[in-house]
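Colleague: Can we go through this one together? I'd like to begin with the cysteines.

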Amino acid sequence: QLQFVESGGGLVQPGGSLKLSCIYSGSTLEGYSIGWFRQAPGKEREGVSCIDGVGRLATTADSVKGRVTISRDIVKNVVYLQMSDLKLEDTAVYYCARKSIDLAHCEPLLQGVFESWGQGTQVTVSS
């Protein structure tokens with residue numbers, strides 16, 4: 001059974017950086033696109049970034065473009081999300097998941113076409 005475990009969240013000041021990790025086990029994800037999402041209190045879950053099934057192309061939301069980098073280590077079964085210049089509005093629980101249809105491509109970066117969600121890791125940006 002596929003399982004994702006997110007980690008790396010924490011409390012950081014505005015302008016700071018964090019690197020989130022998404023470790024998966026229980027199934028091979030070769031060929032699957034893996035996405036990072038976030039959900040702030042009272043808001044819907046939104047896509048942040050995604051790396052495609054061959055680990056070459058990434059999709060990133062406009063709200064974080066230029067501030068996040070997604071990468072994938074196939075050997076270690078880990079997908080990373082490096083975030084920099086963090087802003088107050090980046091505060092949220094961050095989740096990873098895999099694409100459930102059109103597996104090799106990230107678009108659309110919408111929660112309805114991703115599955116096997118982890119428990120999430122809290123990112124709090126505060127001064």
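Colleague: Which hand does the link of Cys-22 and Cys-96 have?

Modeller: Right-handed, with 80° about the S-S bond. Bear in mind that this is a predicted model. The sulfur atoms of Cys-22 and Cys-96 are 2.0 Å apart.

Colleague: Where do Cys-22 and Cys-96 lie?

Modeller: Cys-22 is in strand E3, residues 18-25, and Cys-96 is in strand E9, residues 92-99. The disulfide therefore ties together parts that are 74 residues apart in sequence.

Colleague: Are Cys-22 and Cys-96 buried or exposed?

Modeller: Both Cys-22 and Cys-96 are buried.

Colleague: How many disulfides does the structure hold?

Modeller: Two. Cys-50 is joined to Cys-106, with 2.1 Å from S to S. That link is left-handed, at -80° about the S-S bond.

Colleague: And which parts of the chain does that pair link?

Modeller: Distant ones: Cys-50 sits in strand E5 (residues 46-51), while Cys-106 is in the loop between E9 and strand E10 (114-115). The two are 56 residues apart. Cys-50 and Cys-106 are both buried.

Colleague: What is the pairing if you number the bonded cysteines in sequence order?

Modeller: 1-3, 2-4.

Colleague: Switching to sheets. What is the strand order in the open sheet of four strands?

Modeller: E1-E3-E8-E7, with antiparallel pairing. Strand E1 (3-7) and strand E7 (68-73) are the edge strands, each pairing on one side only. On average, neighbouring strands of this sheet are turned by 15° against each other, direction ignored.

Colleague: How many bridges between E7 and E8?

Modeller: Six, in the antiparallel sense; strand E8 covers residues 78-83. Within E8, Leu-81 stands opposite Ile-70.

Colleague: Now the interior. Which residues touch the most other members of the largest nonpolar core?

Modeller: Phe-4, Trp-36, Val-79, Leu-81, Met-83 and Tyr-94, out of 27 residues in that core. So Leu-81 turns up again here, having already been placed opposite Ile-70.

Colleague: Which strands each supply at least two residues of this core?

Modeller: E3, strand E4 (34-39), E5, E7, E8, E9 and strand E11 (121-125). E3 gives the most, with four residues.

Colleague: What lies apart from it?

Modeller: Another core, of seven residues. Among them are Phe-37, Cys-106, Leu-109 and Val-113. Cys-106 is also the disulfide partner of Cys-50.

Note on methods. Residues numbered from 1 in each chain as written. Predicted model: local features only at pLDDT ≥ 70, side-chain atom pairs only at ≥ 80, totals over all residues. Heavy atoms only, no water. Disulfide = S-S within 2.5 Å. Buried < 20%, exposed > 50% of the residue type's maximum accessible area, 1.4 Å probe, protein only. Pairing = 2+ DSSP bridges. Axes fitted to C-alpha atoms, helices over the stretch in contact; angles between N-to-C directions. Core = buried A, V, L, I, M, F, W, Y, C linked by side-chain atoms within 4.5 Å.
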